Amino acid sequence: VQLQASGGGLVQPGGSLRLSCEVSGIIFNIAVAAWHRRAPGKQRELVAAVTSGGGTNYAESVKGRITISIDNAKKTVYLQMNSLKPEDTAVYYCNADIRARPGRPTRHYWGQGTLVTVSS
């Protein structure tokens, strides 16, 4: 099982990006997924998390601007980012608790980072 993140890039302040995190390999479901980020000179922080049941949790700094979602049919986790600010500039990492078979415990996986730069 591997997680492949994509969708980062350069965007102007106020712009939008959608990050994707695709899970490869045979799995039963993505139980919980999250995006973290690490800005230059700062510690890694949680941006958003979501459960397969639809429960979500967001950092205060991104509430109202960012939406996380899971599409288990496509084995993909999304992070829709709107009204981006320069302080959103960071490397974004997806991670997930994945269940390989029904009834089995989940295992945690991390994807590689994707760089988001918000600048004019």
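**A walk through the strands, from one salt bridge outward**

R37 forms a salt bridge with D88, and the closest N and O atoms of the two residues are 3.0 Å apart. This pair links distant parts of the chain, since R37 sits in strand β4 (residues 29-38) and D88 in the loop between β8 (76-81) and β9, with their positions 51 residues apart in sequence. The model in which this pair is seen is a predicted one, and what follows should be read with that in mind.

Both partners of this salt bridge are covered by the rest of the protein. R37 has a relative accessibility of 5%, and because the limit for a buried residue is under 20%, R37 counts as buried. D88, with a relative accessible area of 1%, is buried as well.

R37 has a further partner in E45, whose side chain meets that of R37 in a salt bridge with an N to O distance of 2.6 Å. E45 has a relative accessible area of 35% and is therefore partly exposed, whereas R37 is buried. Salt bridges that share partners join R37 and E45 with R65 and D88 into one network. The structure holds 4 salt bridges, and one of them is formed by K63 with E60, where the closest N and O atoms are 2.7 Å apart. In that pair, K63 counts as partly exposed at 46% relative accessibility, while E60 counts as exposed at 63%.

A covalent link can be followed next. C21 and C94 form a disulfide, with their sulfur atoms 2.1 Å apart, and the count of disulfides comes to 1. C21 belongs to strand β3 (residues 17-24) and C94 to strand β9 (residues 90-99), so this pair ties together parts of the chain that are 73 residues apart in sequence. The torsion about the S-S bond of C21 and C94 is about 60°, which means that the disulfide is right-handed. Both C21 and C94 are buried.

With these links in place, the overall layout can be considered. The secondary structure of the protein comes to 0 helices and 10 strands, so that from the N terminus on the elements run β-β-β-β-β-β-β-β-β-β. Among contacts between residues at least 6 apart in sequence, 56% join residues that are at least 24 apart. The C-alpha trace spans about 50 × 25 × 25 Å along its principal axes. For 120 residues, a compact globule would have a radius of gyration near 14 Å, and the value for this protein, 14 Å, agrees with that expectation.

What lies inside? The largest nonpolar core has 32 residues, and those with the most contacts inside it are W35, L79, M81 and Y92. The strands β1 (2-6), β3, β4, β5 (45-51), β7 (66-71), β8, β9 and β10 (107-118) each supply at least two residues of this core. The largest share of the core, 5 residues, comes from β9.

Y92 offers a useful vantage point on these surroundings, being one of the residues with the most contacts inside the core. Leaving aside residues up to four places away in sequence, Y92 touches L19, W35, H36, R37, V47, L79, M81, Q112, G113, T114 and V116. That list includes W35, L79 and M81, which are themselves among the residues with the most contacts inside the core. The list also includes R37, the residue that forms the salt bridge with D88.

Turning from the core to the protein as a whole, 40% of the 120 residues count as buried. The accessible surface comes to about 6400 Å², and 48% of this area belongs to carbon and sulfur atoms.

Two loop residues deserve a closer look for their backbone angles. K75, in the loop between β7 and β8, has a phi near 55°, a positive value in a residue other than glycine. S83, in the loop between β8 and β9, likewise has a positive phi, of about 50°, although it is not a glycine. As for accessibility, K75 counts as partly exposed at 25%, and S83 is partly exposed with a relative accessible area of 39%. The loop between β8 and β9 that holds S83 is also the loop in which D88 lies, and this brings the reader back to the salt bridge between R37 and D88.

Definitions and conventions: Residues numbered from 1 in each chain as written. Predicted model: local features only at pLDDT ≥ 70, side-chain atom pairs only at ≥ 80, totals over all residues. Heavy atoms only, no water. Disulfide = S-S within 2.5 Å. Helix = DSSP H or I, 4+ residues; strand = E, 2+ residues; numbered from the N terminus. Buried < 20%, exposed > 50% of the residue type's maximum accessible area, 1.4 Å probe, protein only. Rg over C-alpha atoms; globule rule 2.2 N^0.38 Å. Contact = heavy atoms within 4.5 Å. Areas by Shrake-Rupley, 256 points an atom, 1.4 Å probe, with all protein chains shown as cover. Core = buried A, V, L, I, M, F, W, Y, C linked by side-chain atoms within 4.5 Å.
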